[in-house]
Amino acid sequence: MSGYNIKNDALHIDNVALSDIAAEYGTPAYVYSAQEITNQYERLAGAMKKALPADRQPLLCYACKANSNVAVLAHLRSLGSGLEIVSEGELHRGIKAGFDPQKIVSTGVGKQASEISECLKAGIHQFNVESLPELVHIQKIASAMDKPANVVFRLNPDVTGGGHHKISTGRKRDKFGLNRERIFEGFEMAKEMSHVNALGLSIHIGSQVFTVEAFKQAFEKMPDIVNDLREAGYKIDRLDIGGGFPIIYDDEKLLNLDAYAQWVNDIIVPLDTEIIMEPGRYLVGNAGVVLSEVLYIKETQERKFLVLDAAMNDLIRPTLYDAYHGIAPVENLDAPRTKYDVVGPICETGDTFSTDRELPQMKAGDLAVIQSAGAYGFCMASNYNTRPMPPEIFVKGDNVSVIRPRQTYNDIIDIEAIPDWIGQKE
Ligand code: LLP
């Protein structure tokens, strides 16, 4: 697993022992490696640099739904990244993290009025439009504000991609994108609109796309439609080719980034447009762990449970997508191995991180990590069972910074109110 290293039979992130972090900040906690994020950014940008001509380098817009802590965003901004946002909240995060609005693209099927107007006010690069009513909505708001809106239309390529059906987005039946006819209609409508500039197309087929041919299939839909749109007189200056690059969670064979970059070069570059990409998971997924303490070893006649203090409210991916995450002790990595069901304290059986997982033997009080939790981890956490959200901790070299403190019970409970019409027992 990348993202951390082993020194003296104990897990470290950069130079910092995870046991020291647990002692200082408690568990459960999210811990991220800035260096690993840098490495992934450079791998992706490097693959593009190698395969694409210098004047066709893509604008990498980090899909911040994957991990939206403002420190993580600021770190990616410092590496040169742009930002892909799906809500007004993510726009505010991006602005706080110092992104140039001209490097921000707004996506999503349900853009709300205030989100559109805040994006126009900020002067973002473009809206990726998902429906014709959305196009009309954008024109209405843009003309009322007298601000121009740059838009591209999201093509639904009818390609199956994505590691789980819940995160596949490019099939005809999915709620995402527009088919070819609708895209032509969109360009035609935009021509008549006073405040909309239709500039190109976008595509995004899903997340954790392991059938790498799916990317190629989706890209191959582009040239025809781009040429036909141009023939019809429309300007196509931008192509946003989305995100979806997979990471290793278990022993999957990783997408060959160079092959991917070559497809971009062979299929997209000849169309002679600005190129935008929206990587999320690839940049941050392997850079984070959930650091947790073993509360109990519970043995029944049937099973042996390793009960952690982390739960499905902290990391919901195993419960929601049956996702695999590696699990490891923080120390004594060479202890004899045994099989555990690794579970959290929440009152439902779905609160299970793994079943029958062979791990070095552990005991109550030991520390463990759940790996590859840097993407879609903290940002999908909740307060279920009135469990405080864990802290997020960012490590670089010897530096350890709390970039979000652990919630307190007051944080959760004080904002709730008992109406005065609820009386005492009569
Ligand atoms: N662009 C668009 C329009 C997207 O909808 C997404 C992800 C991305 C880019 C970034 O995709 P990535 O490079 O991270 O694969 N919660 C799920 C993943 C949901 C992905 C949603 N859209 C999970 O935990 O696996």
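In this predicted model, Ile-13 sits opposite Val-16 of strand 3. The two residues belong to a stretch where strand 2 (residues 10-13) and strand 3 run antiparallel, joined by 2 bridges. These strands are part of an open sheet of 3 strands, ordered 1-2-3 and paired in antiparallel fashion. Strand 1 (5-7) and strand 3 (16-17) form the edges; each has a single partner strand, so one side of each lacks a neighbour in the sheet.

A little further along the chain comes Thr-27, placed in the loop that links helix 1 (18-25) with strand 4 (29-33). Although Thr-27 is a loop residue, its relative accessible area is 18%, and because buried means under 20%, Thr-27 counts as buried. Its side chain makes a polar contact of 2.6 Å with the side chain of Asp-309. Once residues up to four places away in sequence are set aside, the residues touched by Thr-27 are Ala-22, Leu-291, Ser-292, Glu-293, Asp-309, Leu-367 and Arg-406. Asp-309 thus appears both as the polar partner of Thr-27 and in the list of residues that Thr-27 touches.

Attention can now move to strand 6 (82-85), which is covered on both faces. Gly-82 and Glu-84 are buried on one side, and Leu-83 and Ile-85 are buried on the other. In general, side chains in a regular strand alternate between the two faces of the sheet. Strand 6 runs parallel to strand 5 (residues 59-63), and 3 bridges join the two. Within this pairing, Tyr-62 stands opposite Leu-83.

Tyr-62 also turns up in the surroundings of Leu-283, a residue of helix 11 (residues 281-284). Leaving out residues up to four places away in sequence, Leu-283 touches Ile-37, Gln-40, Tyr-41, Leu-44, Tyr-62 and Leu-76. Leu-283 is buried, with a relative accessibility of 1%. For a sense of scale, Leu-283 and Leu-178 are separated by 105 residues in sequence and by 28 Å in space, taken from C-alpha to C-alpha.

Helix 4 (residues 88-96) has Glu-90, Leu-91 and Gly-94 as buried residues. Viewed down the helix axis, the buried residues fall within an arc of 105 degrees, so they line one face of helix 4. What do these buried residues pack against? Their partners are helix 3 (70-79), strand 6, strand 7 (104-106) and helix 5 (113-122). After helix 4 comes Gly-98, which has a positive phi near 90 degrees.

Strand 7, one of the elements packed against helix 4, contains Ser-106. This serine is buried, at 0% relative accessibility. Beyond its neighbours within four places in sequence, Ser-106 is in contact with Ile-85, Lys-111, Glu-115, Cys-119, Ile-124, Gln-126, Phe-127 and Asn-128. Among these contacts, Ile-85 is a buried residue of strand 6.

Another parallel arrangement centres on strand 10 (residues 196-202), where 6 of the 7 residues are buried, so the strand is largely enclosed by the rest of the structure. Strand 9 (residues 149-154) runs parallel to strand 10 and is joined to it by 6 bridges. Here Val-151 has Ala-198 of strand 10 as its bridge partner. Strand 10 also runs parallel to strand 11 (residues 238-240), with 3 bridges between them. In that pairing, Gly-200 stands opposite Arg-238 of strand 11.

The ligand, finally, is surrounded by 19 residues, of which Ser-207, Glu-278, Arg-281, Arg-317 and Tyr-376 are the closest. How far is a polar side-chain atom of Arg-317 from an oxygen atom of the ligand? The distance is 2.6 Å. Glu-278 has a side-chain N or O atom 2.6 Å from a nitrogen atom of the ligand. Glu-84, named above among the buried residues of strand 6, places a polar side-chain atom 3.5 Å from a ligand nitrogen atom. Of the 590 Å² of accessible area that the ligand has on its own, the protein covers 91%.

Technical notes:
Residues are numbered from 1 along each chain as its sequence is written. This is a predicted model: local features need pLDDT of at least 70, side-chain atom pairs count only at pLDDT 80 or more; totals for chains, interfaces and linings use all residues. Side-chain values use heavy atoms; hydrogens and water are left out. Buried means under 20% relative accessible area, exposed over 50%, partly exposed in between (1.4 Å probe, protein chains only). Helices (H or I, at least four residues) and strands (E, at least two) are DSSP runs, numbered from the N terminus. The arc is that of the directions from the helix axis to the C-beta atoms. Contact means heavy atoms within 4.5 Å. A polar contact is a pair of N or O atoms within 3.5 Å; within protein, one must be able to donate a hydrogen and the other to accept it, and residues adjacent in sequence count only if both atoms are side-chain atoms. A residue is near a molecule or strand if one of its heavy atoms lies within 4 Å of it. Accessible areas come from the Shrake-Rupley method with a 1.4 Å probe; for residues, only the protein chains shown count as cover. Two strands pair if DSSP finds at least two bridges between them.
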